[in-house]
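Thanks for coming, everyone. I'll take you through one structure today, from the fold down to the side chains. Have a look at it first.

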Amino acid sequence: MSDDAFLYTRAAVAAGRAVFESVLQDPTVFEPYATNLIWAESLLYTPDRAYKRITGEEWDRNTRYSDESCSKTEGWAD
């Protein structure tokens, strides 16, 4: 799985509590979220779209945390 695919797949948690709990019971339920059938990439842009809808302006955001996979290197094992 690519870094991007991993990132988008992590966003699948937004499918809701019922899906989350069903994956805990049967991990194969998660398969569609990791096989290009259901990617939640668009959720990453929800705050940007909401900001524009409310203000009419683009959000020039800078955050101290990156949403990119592999960006938190301090947590990696040596």
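**Fold first, then side chains**

Starting at the N terminus, the elements run α-α-α. That is three helices and zero strands. Keep in mind that this is a predicted model.

Now the overall numbers. The protein has 78 residues, and 14% of them count as buried. The accessible surface comes to about 6,500 Å². Carbon and sulfur atoms make up 54% of that surface.

What about contacts along the chain? Take the contacts with a separation of 6 or more. Residues 24 or more positions apart account for 51% of them.

On to charges. How many salt bridges does a search of the whole structure find? Three. I'll go through each one.

Start in helix α2. Arg17 and Glu21 meet there through their side chains, at 3.3 Å from N to O. Both residues lie in α2, four residues apart, which is about one turn of the helix. Are the two partners buried or exposed? Arg17 has 62% relative accessibility, so Arg17 counts as exposed. Glu21 is at 39%, so Glu21 counts as partly exposed.

Second bridge: Glu58 with Lys52. Their side chains meet at 2.6 Å, N to O. Glu58 is exposed, because its relative accessible area is 59%. Lys52 has a relative accessible area of 40%, so Lys52 is partly exposed.

Third bridge: Asp48 with Arg61. The closest N and O atoms are 2.8 Å apart. This pair links distant parts of the chain. Asp48 is in helix α3, residues 46-55. Arg61 is in the segment after α3, and the two are 13 residues apart. Arg61 has 30% relative accessibility, so Arg61 counts as partly exposed.

Stay with Arg61 for a moment. What does its charged end sit over? The ring of Trp59, at 5.2 Å from the ring centre. So Arg61 has two partners to look at: Asp48 through the salt bridge, and Trp59 through the ring.

That brings us to the aromatics. The structure holds one aromatic pair. The partners are Tyr51 and Trp59, and the pair is stacked. Centre to centre, the rings are 5.7 Å apart, with 25° between the planes. Why stacked? Because planes under 30 degrees apart count as stacked.

How accessible are these two? Tyr51 is at 31% relative accessibility, so Tyr51 counts as partly exposed. Trp59 has a relative accessible area of 34%, so Trp59 is partly exposed too. Put Trp59 in the middle of your view, then. Tyr51 stacks with Trp59, and the charged end of Arg61 sits over the Trp59 ring.

Last stop, the nonpolar surface. Which residues form a nonpolar patch there? Val13, Phe20 and Leu24. Together they have about 320 Å² of accessible area. Phe20 lies in helix α2, residues 17-25. Its relative accessible area is 44%, so Phe20 is partly exposed. That is the helix we met before, with the bridge between Arg17 and Glu21.

To recap, in order. Three helices, no strands. Three salt bridges. One aromatic pair, Tyr51 with Trp59, stacked. And a nonpolar patch of Val13, Phe20 and Leu24 on the surface.

That's my tour. Happy to go back to any of these spots.

Note on methods. Residues numbered from 1 in each chain as written. Predicted model: local features only at pLDDT ≥ 70, side-chain atom pairs only at ≥ 80, totals over all residues. Heavy atoms only, no water. Phe/Tyr/Trp six-rings, centres within 6.5 Å; stacked < 30°, edge-to-face > 60°. Buried < 20%, exposed > 50% of the residue type's maximum accessible area, 1.4 Å probe, protein only. Lys NZ or Arg CZ within 6 Å of the ring centre and 35° of its normal. Patch = residues over 30% accessible without salt bridge, like charges linked within 9 Å, V, L, I, M, F, W, Y side chains within 5 Å. Areas by Shrake-Rupley, 256 points an atom, 1.4 Å probe, with all protein chains shown as cover. Salt bridge = Lys/Arg side-chain N within 4 Å of Asp/Glu carboxyl O. Contact = heavy atoms within 4.5 Å.
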